[in-house]
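These are my notes from a session of looking up features in a structural model. I wished to record the sheet, the cores and one helix in turn.

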Amino acid sequence: MARCSPPLLRRFFCCAAKSSSNTATAGQKKKNIVFLGSPQVAASVLDTLLAASSAPDSAFQVAAVVTQPPAAKNRGRKLLPSAVAQLALDRGFPGDLIFTPERAGEESFLSDLKEVRPELCITAAYGNILPQRFLDIPPCGTVNMHPSLLPLYRGAAPVQRALQDGVTETGVSLAYTVRALDAGPVIAYERFSVDDFIKAPELLAILFNIGSKLLLDELPSVLDGSAKQKAKPQDDSKVTLAPKMNSDESWLTFDQDAKLLHNKVRAFAEWPGTRTKLQLVNQNGEPDVLDIKVISTKVSASCDKSGDENEVLFSGNSLLIPCNGSTWLEVLELQLPGKKVTTARDFWNGLRGRKLLKSQ
């Protein structure tokens, strides 16, 4: 097991790993690739690489996998491997070649990486900063799969920030990793049209799927060095940033245009989600505050119902919330604290005629 992993985690991986005939020592003519990634979208990239590397005529093999350490998840707070580690184990990848350093600059990890002798490292949503000492190891460099059209949306949340901005087009880029954030020369990219309803988790999965195919197409040139000749420097004058999201951003306020709020719901789907406070007028005419998680929305430029300025209405299958600029946000699905996601119609029926207002 990797020396960079704590003993308990080493036992965890060794016990879970299945035997495999396709180990990193097989096929000496194949070039060694090390894959770095952590979440489910990265696991799909690894799966593609493992499948391609098993072909008899493949020019490469996945020699090691690097991922985030197991983390406490779910209600039981049980230590669970990352999605990438789990996929590798499920595919029979040797457990002692799954490295889980806390930081990519750890001496023990860098020593283990050198022993693997990687020709190339590939990153996809790894989640750790790579120091120069890491980048100096693979002779063919390190290539990152980034879900944006670089230099647009450099940073931790490119898909979410693009959706928040309401873009109609995005894409995925393959770029060499340098010390500056997502600033390396771009080897290749592919565009993707974005509609008004796709949410961040779905778009992430699509872009990494496109990126996986693009990566396989470009690997021969990366491994023979010709990709470095064709890779184009990024235009720094066109850089936009995609900073990490935080839970403080999750609140919706209806003094904004409904389109902006709808885009935020799409962008923040899954995590951190979008929330708002509404007032439910009780039998005494006093408002009770409802903390609501908004799940699905759309935008309406008009409303066929009439009510007070701050009144939340219902039409068709949607809650209609008045927003800035005479626009209306239609809420299709929502969730109350401790409850399951429900449709707007079921929620409205549960109000039994009581008035619902925007919070002031």
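The entries below concern a predicted model.

**Entry 1. The sheet.** I began with the strand order. The open sheet has seven strands, arranged β5-β2-β1-β6-β7-β8-β9, and its pairing is mixed. I noted that β5 (98-99) and β9 (186-193) each have a single partner strand and stand at the edges, so one side of each lacks a neighbour in the sheet. I then looked up what packs on the sheet and found α7, which touches β1 (31-37), β2 (60-66), β6 (120-124), β7 (142-146), β8 and β9. The direction of α7 makes about 35 degrees with that of β8.

**Entry 2. The β8-β9 pair.** I examined how strand β8 (residues 169-176) is joined to β9: the two run antiparallel, with seven bridges between them. Within this pair, I recorded E169 opposite S193 of β9.

**Entry 3. A position in β7.** Is T142 buried or exposed? I located T142 in strand β7. Its relative accessible area is 2%, under the 20% cut-off, and therefore I entered T142 as buried. Leaving aside residues up to four places away in sequence, I listed its contacts as C121, T123, L130, F134, L135, A175, Y176 and T177.

**Entry 4. The nonpolar cores.** I turned next to the largest nonpolar core, which has 69 residues. The members that touch the most others are F35, L46, L49, L120, F134 and I187. Helix α7 supplies the largest share of this core, with 11 residues. I followed L46 further: with residues up to four places away in sequence not counted, L46 touches F35, V62, V65, V84, L87 and A88. I also recorded a second, separate core of 22 residues, with A258, L278, L290 and L319 among its members.

**Entry 5. Helix α9.** My last item was α9 (residues 258-267), which is mostly covered, as eight of its 10 residues are buried. I listed the buried residues as A258, L261, H262, N263, K264, V265, R266 and A267. A258, entered above as a member of the second core, is thus also on the list of buried residues in α9. Which elements cover the buried residues of α9? I found that they include α6 (158-164), α7 (200-224), β10 (274-281), β11 (287-300) and β14 (328-335). At the start of α9, I noted that a side-chain oxygen of D257 lies within 2.8 Å of the backbone nitrogen of K259.

How values were computed. Residues numbered from 1 in each chain as written. Predicted model: local features only at pLDDT ≥ 70, side-chain atom pairs only at ≥ 80, totals over all residues. Heavy atoms only, no water. Buried < 20%, exposed > 50% of the residue type's maximum accessible area, 1.4 Å probe, protein only. Helix = DSSP H or I, 4+ residues; strand = E, 2+ residues; numbered from the N terminus. Contact = heavy atoms within 4.5 Å. Polar contact = N/O pair within 3.5 Å; in protein donor to acceptor, adjacent residues only side chain to side chain. Pairing = 2+ DSSP bridges. Axes fitted to C-alpha atoms, helices over the stretch in contact; angles between N-to-C directions. Core = buried A, V, L, I, M, F, W, Y, C linked by side-chain atoms within 4.5 Å.
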